[in-house]
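The following note sets out numbered points for a colleague who is reading the structure alongside its sequence. Each point takes up one part of the chain.

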Amino acid sequence: MSREHNYQTVVTWTGNKGTGTSGYRDFGREHELSAEGPPLIPGSSDPAFRGDLARWNPEQLLVGSLSQCHMLWYLHKCAMAGVIVTEYTDTATGTMAETADGGHFTEVVLHPAVTVAAREMAETALALHADAHKSCFIAASVNFPVRHEPTVRVAD
């Protein structure tokens with residue numbers, strides 16, 4: 001059974017300083033990402049490309065999407081396997097290489113740190129990261145490696 005899901009977002013440029021894109025330094029990279037329902041996300045380019053550090057950039061959002069997708073599948077897999085997760089944090093990192101034509105991501109590494117309720121759950125909890133990775137729609141859609149280096153600890 002194949003089902004199709006559709007997603008719509010709106011990006012609105014807010015960086016016009018009065019003269020539009022009359023010159024490379026004459027416009028801001030500020031923009032807003034919105035969709036029906038969730039709060040607006042203030043965006044910009046990476047500070048390396050004249051962006052605003054206080055706003056989300058597309059590269060951060062891509063890394064964040066991969067991290068979120070993995071976590072959501074992982075929690076689902078754990079619940080189905082009887083593994084009780086009590087805490088989950090992922091400090092994900094992405095590497096992008098600039099080229100003459102622009103650039104591309106070379107990899108994203110997820111570092112999920114998971115706490116489980118009981119010692120006998122730890123081995124299964126660690127193994128389920130591979131299953132979550134296989135199920136993640138976002139990881140399956142990118143053309144660069146997405147690796148995971150998980151740690152699991154048992155709640156005190």
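1. Two terms are needed for the description of helix 1 below. Contact means heavy atoms within 4.5 Å, and a residue is called buried when its relative accessible area is under 20%. The model under discussion is predicted.

2. Overall organisation. The chain contains two helices and nine strands. Read from the N terminus, these elements follow the order β-β-β-α-β-β-β-β-α-β-β. Among contacts between residues at least 6 apart in sequence, 54% join residues at least 24 apart.

3. Overall dimensions. The C-alpha trace spans about 65 × 35 × 30 Å along its principal axes. The radius of gyration is 19 Å, whereas a compact globule of 156 residues would have a value near 15 Å. Of the 156 residues, 27% count as buried. The chain exposes about 10,300 Å², and carbon and sulfur atoms supply 54% of that area.

4. Helix 1. This helix covers residues 58-81, a run of 24 residues. From its first C-alpha to its last it reaches 34 Å, close to the 34 Å expected at 1.5 Å a residue. At its start, a side-chain oxygen of N57 comes to within 3.0 Å of the backbone nitrogen of E59. After the helix comes G82, which has a positive phi near 80°.

5. The covered residues of helix 1. Which residues of helix 1 are buried? They are V63, L66, S67, C69, H70, Y74 and C78. An α-helix has 3.6 residues a turn, so residues three or four places apart point the same way. The cover over the buried residues of helix 1 includes strand 4 (85-90), strand 5 (93-99), strand 6 (102-110) and strand 7 (112-116). Helix 2 (122-135) and strand 8 (146-148) also belong to that cover.

6. Nonpolar cores. The largest nonpolar core has 13 residues, of which Y74, V83 and V116 touch the most other members. Helix 1, strand 7 and helix 2 are the elements that give two or more residues to this core. The largest share, four residues, comes from helix 2. A second, separate core holds 10 residues, including V63, C69, A139 and F144. Y74 of the largest core is also listed among the buried residues of helix 1, as are V63 and C69 of the second core.

7. V116. Which residues surround V116, leaving aside its neighbours within four places in sequence? V116 is in contact with V83, I84, V85 and T86, with M121, A122 and A125, and with V152, R153, V154 and A155.

8. H31. This histidine is found in strand 2 (residues 31-34). Is H31 buried or exposed? H31 counts as buried because its relative accessibility is 18%, and the cut-off for that class is under 20%. Its side chain reaches the backbone oxygen of R29 at 3.0 Å. Not counting residues up to four places away in sequence, H31 touches V11, T12, W13 and T14, then I41, P42, G43 and S44, and also R55.

9. D26. The loop between strand 1 (10-13) and strand 2 holds D26. With a relative accessible area of 34%, D26 is partly exposed. The side chain of D26 makes a polar contact with the side chain of S22 at 3.1 Å. Beyond residues up to four places away in sequence, D26 touches K17, T19 and G20. The C-alpha atoms of D26 and H133 are separated by 43 Å, and these residues are 107 apart along the chain.

10. R50. This arginine lies in the loop between strand 3 (41-43) and helix 1. What is notable in the backbone of R50 is a phi near 70°, a positive value in a residue other than glycine. R50 is partly exposed, its relative accessible area being 37%.

11. A130. This alanine is placed in helix 2. A130 is partly exposed, because its relative accessible area is 32% and that class runs from 20% to 50%. The C-alpha atoms of A130 and R119, 11 residues apart along the chain, are separated by 20 Å.

Definitions and conventions
Residues are numbered from 1 along each chain as its sequence is written. Side-chain values use heavy atoms; hydrogens and water are left out. Buried means under 20% relative accessible area, exposed over 50%, partly exposed in between (1.4 Å probe, protein chains only). A polar contact is a pair of N or O atoms within 3.5 Å; within protein, one must be able to donate a hydrogen and the other to accept it, and residues adjacent in sequence count only if both atoms are side-chain atoms. The expected span of a helix is 1.5 Å times one less than its number of residues. The radius of gyration is taken over C-alpha atoms; the globule rule is 2.2 Å times the number of residues to the power 0.38. Accessible areas come from the Shrake-Rupley method with a 1.4 Å probe; for residues, only the protein chains shown count as cover. A nonpolar core is a set of buried Ala, Val, Leu, Ile, Met, Phe, Trp, Tyr and Cys residues joined through side-chain atoms within 4.5 Å.
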